[in-house]
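This briefing is meant to be read alongside the sequence and the coordinates. Please keep both in view while going through the points below.

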Amino acid sequence: MAAYEDTPGGHDALVLGAQLARLTGLTAVVATVYPTDGIGLSAIARDPRWREKAEAVARERFDRARAVIDRDWDSAEVEFTPLGPGPAAPALVDHADDIGAAVLVVGSTAGGLVGRLAPGKTVQRLLPMARCPIAIAPHGYRHFAEKRVASIGVAYDGTAESDQAIVVAVHLASRTGAALRFVVVATDPGAVHEAKKTAQKGVSRVPAEIDTFVDVVIGRNVAHTLANLPERTDLLVVGSRGYRFMRRLLLGSVAGALVRSARYPVVVVPIPEP
C-alpha cells in the first residue's frame, strides 16, 4: 500500500510501491487522505460541499498517480482509496491494518538530500504507530529507481528483531527473484570472525532455493555503515527494536538513524504482536 499525495515525496512512494507490486505480484493499493482545515472537522465532514471538494481533490491526485504509474512502470491493476477525513498518519496505519497490507510505502521530504532518506513530519508520526513493515523511498527515487530488484540486504546481528527482518526479506526475495545479502557490521577487524558466525546463523534460516550471500562490513558506526554500503543494494530490510508488550513499531538507534540517512529504500519491520 502506497501513501500518496501530489508531492515529490508522494511520487517517490508511488514509484517504489508500484515497483514492489509489479515485481512481487501483490495488489497495489494507492491511498490518499482527504484534506482538512483542522477546524470543526466533524462538522466539515458532514457538509456535502466539503465532501464534494475533498472527493474532487482525491480524484485529481489519483489521475496524476495513474499517469505516473502507467508511464514509468506498466503496473498491474491498482486500487485507489481515499481515506479520512482526519490526520494522515493514523488514517494510513488503520487502513493498512484493515486490508492486511504486506508493506506500507511512504516517501521522503523534498527538503532532504537527493538519493537519501529524509522522512517528513507525517512519516515521522507514522513510524511509531505502524503495525506492518514500512518501506521508505529516498528523495528523488522516481528518477533513479531500477526496473529490477536484484539484491535485497538484511541488516543482521543475530537478535530476534533481525530474525523477523529475515522473514520479510525472504518473502520479498522469493517473489522478486532477488538474492539475499546478509550484512553484518564488525566494529573492528578483530570482530570479523565472530561477525561471520553471526551471519551464518541468519543464512541457515533461508530456504535453499534463494541465493544468499554474506557481507561483513567494518565500521565503528553501525547505522552510518549500513546507510552507505559499498555494494549494490536495491532494498535494505531492518528489524525494529523495542519492548515486546508494545503493539507498535519502536525504532532503535540503528533503525532510527537509517531512516534518516540511507541512500536506498529501507524496509523497517515491526516487532510481531505476542
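How many helices and strands are there in the chain? In this predicted model, the chain holds 10 helices and 10 strands. The points that follow take up the chain as a whole, then its nonpolar cores, and then one buried polar residue in a helix.

**Chain as a whole**
- The chain has 274 residues, of which 51% are buried.
- Of the contacts that link residues at least 6 apart in sequence, 79% are between residues at least 24 apart.
- The chain has an accessible surface of about 12,900 Å², and carbon and sulfur atoms account for 53% of that surface.

**Nonpolar cores**
- The largest nonpolar core comprises 51 residues, and Val105, Ile152, Leu180 and Val237 are the ones with the most contacts inside it.
- Helix α1, which spans residues 8–24, gives the most to this core, contributing eight residues.
- Leaving aside residues up to four places away in sequence, Ile152 touches a set of residues that includes Ala169, Leu172, Ala173, Thr176 and Ala178, as well as Leu180, Arg181, Leu235 and Val237.
- Separate from the largest core there is a second core of 39 residues, with Val33, Leu117, Ile134 and Val238 among them.

**Gln19 in helix α1**
- Gln19 is part of helix α1, and because its relative accessible area is 2%, below the 20% cut-off, Gln19 counts as buried.
- The side chain of Gln19 reaches the backbone oxygen of Glu146, at a distance of 2.6 Å.

Notes. Residues numbered from 1 in each chain as written. Predicted model: local features only at pLDDT ≥ 70, side-chain atom pairs only at ≥ 80, totals over all residues. Heavy atoms only, no water. Helix = DSSP H or I, 4+ residues; strand = E, 2+ residues; numbered from the N terminus. Buried < 20%, exposed > 50% of the residue type's maximum accessible area, 1.4 Å probe, protein only. Contact = heavy atoms within 4.5 Å. Areas by Shrake-Rupley, 256 points an atom, 1.4 Å probe, with all protein chains shown as cover. Polar contact = N/O pair within 3.5 Å; in protein donor to acceptor, adjacent residues only side chain to side chain. Core = buried A, V, L, I, M, F, W, Y, C linked by side-chain atoms within 4.5 Å.
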